[in-house]
Amino acid sequence: MKFRSLAVVACEVFTREVCALVADSPCEITLSFLPKGLHGLPCQQMRDRVQAAVSEVSRRPGVEAVALAYGMCNRGLEGVGGGAVPLAVPRAHDCISVFL
């Protein structure tokens with residue numbers, strides 16, 4: 001399935017990499033960066049922060065899917081959902097795995 005309009009919710013540690021990928025993308029992409037260090041919070045707090053960002057961007061007109069630029073961060077993303085739009089999450093333990 002090809003999407004024309006995406007939203008990306010990313011940890012700010014991925015700022016350079018995500019911006020470089022977005023610059024070459026034919027899609028319209030909305031970016032939302034969250035502060036690094038959320039993995040240091042209790043899982044529920046991290047999950048709540050990421051879910052709030054995903055919920056906000058997924059409600060924007062025209063957004064067809066949401067992608068997360070996060071690792072699982074000690075299960076901090078477990079249960080995060082995209083609502084009415086598909087949500088893509090890397091299958092990676094942490095950001096190091098995503099970088100590799």
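# Exposure, packing and salt bridges

User: Does K2 count as buried or exposed?
Analyst: The relative accessibility of K2 is 80%, and exposed means over 50%. The model is predicted, and in it K2 lies in the segment before β1. With a value of 80%, K2 therefore counts as exposed.

User: What distance separates the C-alpha atoms of K2 and V13?
Analyst: K2 belongs to the segment before β1, and V13 follows 11 residues apart along the chain. Between the C-alpha atoms of K2 and V13, the separation is 27 Å.

User: Which residues make the nonpolar surface patch of about 420 Å²?
Analyst: One of the contributors is L100, which is found in the segment after α3 (95-99). L100 has a relative accessible area of 87% and is therefore exposed. The patch, about 420 Å² in area, is made by L100 together with V13, I96 and F99.

User: How far is the C-alpha atom of L100 from that of G37?
Analyst: L100 has its place in the segment after α3, and the two residues stand 63 residues apart along the chain. Computed along the sequence alone they are thus remote by that count, while the C-alpha separation of L100 and G37 is 19 Å.

User: What span does helix α2 reach from its first C-alpha to its last?
Analyst: Helix α2 covers residues 43-58 and has 16 residues. At 1.5 Å a residue, the span expected for α2 is 22 Å, and the model comes close to this expectation. From first C-alpha to last, α2 reaches 22 Å.

User: Within what arc do the buried residues of α2 fall?
Analyst: The buried residues of this helix are M46, R47, V50, A53, V54, V57 and S58. Seen down the axis of α2, these residues line one face of the helix, because they fall within an arc of 135°.

User: Which strands do the buried residues of α2 pack against?
Analyst: The buried set of α2 includes M46, V50 and V57. The partners of the buried residues are β1 (5-11), β2 (28-34), β3 (65-69) and β4 (87-88).

User: Which residues does V80 touch, not counting residues up to four places away in sequence?
Analyst: V80 lies in the loop between β3 and β4, and with a relative accessible area of 13% it is buried, since buried means under 20%. The C-alpha atoms of V80 and R47 are separated by 6.5 Å, although these residues are 33 residues apart along the chain. With sequence neighbours up to four places away left out, V80 touches R47, V50, Q51, V54, L68 and L87.

User: How far apart in space are L6 and I29, C-alpha to C-alpha?
Analyst: L6 is found in strand β1, and its contacts beyond four places in sequence are C27, E28, I29, T30 and A65. L6 and I29 are 23 residues apart in sequence, and their C-alpha to C-alpha distance is 4.8 Å.

User: How many residues apart in sequence are the parts that the pair R4 and E64 ties together?
Analyst: R4 forms a salt bridge with E64, in which the closest N and O atoms are 3.4 Å apart. R4 lies in the segment before β1 and E64 in the loop between α2 and β3, so the parts tied together by the pair have a sequence separation of 60 residues.

User: Which residue of the R4 and E64 pair counts as exposed?
Analyst: E64 has 23% relative accessibility and so counts as partly exposed. Its partner in the salt bridge has 65% relative accessibility, so the residue that counts as exposed is R4.

User: What is the N to O distance in the salt bridge of E56 and R60?
Analyst: Side chains of opposite charge can pair when their charged atoms come close. E56 is partly exposed, with a relative accessible area of 33%, and R60, at 31%, counts as partly exposed too. Where the side chains of E56 and R60 meet, the N to O distance is 2.9 Å.

User: How far apart are the closest N and O atoms of E78 and R75?
Analyst: The structure holds 3 salt bridges, and one of them joins E78 and R75. E78 is partly exposed at 37% relative accessible area, whereas R75 counts as exposed at 52%. Between E78 and R75, the closest N and O atoms lie at a distance of 2.7 Å.

Technical notes: Residues are numbered from 1 along each chain as its sequence is written. This is a predicted model: local features need pLDDT of at least 70, side-chain atom pairs count only at pLDDT 80 or more; totals for chains, interfaces and linings use all residues. Side-chain values use heavy atoms; hydrogens and water are left out. Patches are made of residues with over 30% relative accessible area and no salt bridge: like charges are joined within 9 Å, nonpolar side chains (Val, Leu, Ile, Met, Phe, Trp, Tyr) within 5 Å. Accessible areas come from the Shrake-Rupley method with a 1.4 Å probe; for residues, only the protein chains shown count as cover. A salt bridge is a side-chain nitrogen of Lys or Arg within 4 Å of a carboxyl oxygen of Asp or Glu. Helices (H or I, at least four residues) and strands (E, at least two) are DSSP runs, numbered from the N terminus. Buried means under 20% relative accessible area, exposed over 50%, partly exposed in between (1.4 Å probe, protein chains only). The expected span of a helix is 1.5 Å times one less than its number of residues. The arc is that of the directions from the helix axis to the C-beta atoms. Contact means heavy atoms within 4.5 Å.
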